[in-house]
Amino acid sequence: MPPKSFTYFIKVFGCQMNYADAEKIFSTLAKKGWKKAADLSSAHLLVAVSCGVRQGAEDRVINWLEKTRKTNPGAILVLAGCLGHREDLKQRLRNIVDYFLPAGKRLPSSLINPLYPVLAKGESAYGGNPIYLSRAYIPITVGCDNFCSYCVVPYARGRERSLPPENIIKKAKNLVKKGYKELFLLGQNVNSYRGADRKGKVWTFSQILRTLNAVPGNFWIKFISSHPKDINREMMLAVKDCRKVSKNLHLPLQSGSNKILLAMNRKYRRSDYLATVNEIKKNIPDVVLSTDIIVGFPGETARDFRASLSAVREVGFEMLYALKYSPRPETAAFKLKDDVPAWMKKERQQKLDRVWKKIALKKNKRFLGKNTLILIDRIKQKTNRKGSVNFYALGKNFENKDVAALIKRSGKSKHNLAGKWGVARINQVGALGLSGELVEGEKNV
Ligand code: SAH
Ligand code: SF4
């Protein structure tokens, strides 16, 4: 007997852009009547939305594919995302993966047509949660033209394109109507946005922010990542003026050394970056800055690394991803000797982590004793040492800090808090986030 409905299972690796890709795949499948499988072993179609930004990420995807193939030998297995275009992987994984789907592309109808006979096997179970609850990701630019020497993005996702402003605004309005409380604008360089409308007029990122801010409703607007070269006064003022726009700017620096920035083909120097940050701080007094730093890029000396450390201290980043350089096929830096030993990369990464966490801990103290509005993502159950069970609302605040808030009330209603606003009174802070008590369950902004 063929199953009544076909089921899929999507595994997402990596950044929010992949979650947006997964959403696209999910909606194509849903339109064709596919249902989400209860688990991986019962699905007819398995999709890995992969990340290829570093070797470690690539290894994790390949392990998952190998394991999954063993668990569910009959399913169609698709490798999507940033590894979906890689010729070497097509060869290497040809006995495991059935279909390779380059990043951002749609599943071909031949593969997901419900009458496709190869899929008519096994029984299925349905269920599962939607991918998103309270937060909706909206890609507004895709791809990248910058060709930083270490980065696969221009190869994996192609040249930079901006989505038409009308599409973005329509999508945003629909999402707000559906009850989403946070619109997360995505782009490899979100602020390089230059999208033409139907009349041929080109919009800037600031215009998108101001227009979305004017959409009626209680919601927040966040965005990631901003490229330092494309921050201008117009953008700073838009972020400052727009009430719904979070003041968190993720501004990847990559290195504090000019020699390394040059070798990375970044389009700014240390002093340009620091001058931009000063301007930002002047224009947006409550700005929260975060960044990415690569450690162990070929040729990075102790002195270059110290330059990264001093830049981090000077800016005072409240969050930082310290990434060990990982040579990526296709990129220009792949030809360079990966000459910083693994242990040294690790040491530098740990040092950076210590430095930013100290800054973050200090800065997070401003929340102590205060109420902070959070968007609740999920409810977590935790048993303490005495054996009693506590429930926590986990979410993020406007500044994009992680917040865990103890729920005092009893009864089942606490489980319905996910996807709603809450107010947390903060009584403890760490480098990675804030914690306290939920003082109000539902709240309007
Ligand atoms: N477009 C953004 C960053 C997008 S990629 C910008 O340029 O500002 C996300 C992060 O992955 C980068 O900021 C970089 O720090 C990291 N990354 C990319 N390629 C890498 C590599 N080969 N090794 C280590 N980190 C890498
Ligand atoms: Fe583009 Fe450079 Fe960012 Fe990669 S790191 S996405 S190449 S700007």
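Student: Is Glu330 buried, exposed or partly exposed, and how do I read that?

Tutor: Start with the cut-offs: 20 or more other C-beta atoms within 10 Å make a residue buried, 12 or fewer make it exposed, and anything in between is partly exposed. Glu330 has 15 other C-beta atoms within 10 Å, so it is partly exposed. Keep in mind that this is a predicted model.

Student: Where does Glu330 sit, and what is its phi?

Tutor: Glu330 belongs to the loop between strand S15 (319–324) and helix H12 (342–364). Its phi is positive, about 85 degrees, although Glu330 is not a glycine. Gln254 also has a positive phi, about 75 degrees, without being a glycine. Gln254 is in the loop between S13 and H9, and it is buried, with 22 other C-beta atoms within 10 Å.

Student: What does an exposed residue look like by that count?

Tutor: Try Leu262, which has 12 other C-beta atoms within 10 Å and is therefore exposed. Leu262 is part of helix H9 (residues 258–263). You can also compare sequence with space here: Leu262 and Cys148 are 114 residues apart along the chain, while 9.6 Å separates their C-alpha atoms.

Student: And Cys148, what does it surround?

Tutor: Cys148 is one of the residues around ligand 2, with Cys144, Asn146, Phe147 and Cys151 also among them. The shell includes Val153, Pro154, Gln188, Asn189 and His227 as well. Sorting a shell by class is a handy way to read it: around ligand 2 there are six nonpolar and four polar residues, and no charged ones.

Student: How many residues surround ligand 1, and which are the closest?

Tutor: Ligand 1 has 17 residues around it, the closest being Tyr150, Pro252, Asp292, Leu323 and Ser326. By class, that shell comes to eight nonpolar, six polar and three charged residues.

Student: Let's turn to the interior. What should I look for there?

Tutor: In soluble globular proteins, nonpolar side chains tend to be buried together. In this model, the largest nonpolar core has 125 residues, and Val47, Ile138, Leu183 and Leu186 have the most contacts inside it. The element giving the most to this core is helix H1 (residues 16–31), with six residues.

Student: Which residues is Ile138 in contact with, beyond its neighbours in sequence?

Tutor: If you set aside neighbours within four places in sequence, Ile138 touches Ile168, Lys171, Ala172, Leu183, Phe184, Leu185 and Leu186. For another example, look at Ile10 in strand S1 (residues 7–12). Ile10 counts as buried, with 24 C-beta neighbours inside 10 Å. With the same neighbours in sequence left aside, its contacts are Ala22, Ile25, Phe26, Val47 and Val49.

Student: How do I read a strand, say S12?

Tutor: Check burial along its length, then each face. In strand S12 (residues 220–224), five of the five residues are buried, so the strand is largely enclosed by the rest of the structure. On one side lie Trp220, Lys222 and Ile224, on the other Ile221 and Phe223, and both faces are covered. Next, find a partner: strand S9 (residues 182–186) runs parallel to S12 and is joined to it by five bridges. Within this pair, Leu186 stands opposite Ile224.

Student: What kind of peptide bond joins Ile224 and Ser225?

Tutor: The bond between them is cis, with omega about -15 degrees. Ser225 lies in the loop between S12 and H8.

Student: Is Val245 buried or exposed?

Tutor: Val245 has 22 other C-beta atoms within 10 Å, so it is buried. You will find Val245 in the loop between helix H8 (233–241) and strand S13 (248–250). Beyond neighbours within four places in sequence, Val245 is in contact with Leu209, Asn213, Ile221 and Val239.

Student: Finally, how do I read the whole chain?

Tutor: Begin with its elements: the protein chain has 12 helices and 20 strands. Its radius of gyration is 23 Å, close to the 22 Å that the globule rule gives for 445 residues, so the chain is as compact as a globular protein of that length. Buried residues make up 44% of those 445 residues. Of the contacts between residues at least 6 apart in sequence, 74% join residues at least 24 apart.

Note on methods
Residues are numbered from 1 along each chain as its sequence is written. Chains are lettered from A and ligands numbered from 1 in the order in which they are written. This is a predicted model: local features need pLDDT of at least 70, side-chain atom pairs count only at pLDDT 80 or more; totals for chains, interfaces and linings use all residues. A residue is near a molecule or strand if its C-beta atom, placed from the backbone, lies within 6 Å of it. Ala, Val, Leu, Ile, Met, Phe, Trp, Tyr, Cys and Pro count as nonpolar, Asp, Glu, Lys and Arg as charged, and the others, Gly among them, as polar. A nonpolar core is a set of buried Ala, Val, Leu, Ile, Met, Phe, Trp, Tyr and Cys residues joined through C-beta atoms within 7 Å. Helices (H or I, at least four residues) and strands (E, at least two) are DSSP runs, numbered from the N terminus. Two residues are in contact if their C-beta atoms, placed from the backbone, lie within 7 Å. The radius of gyration is taken over C-alpha atoms; the globule rule is 2.2 Å times the number of residues to the power 0.38. Two strands pair if DSSP finds at least two bridges between them.
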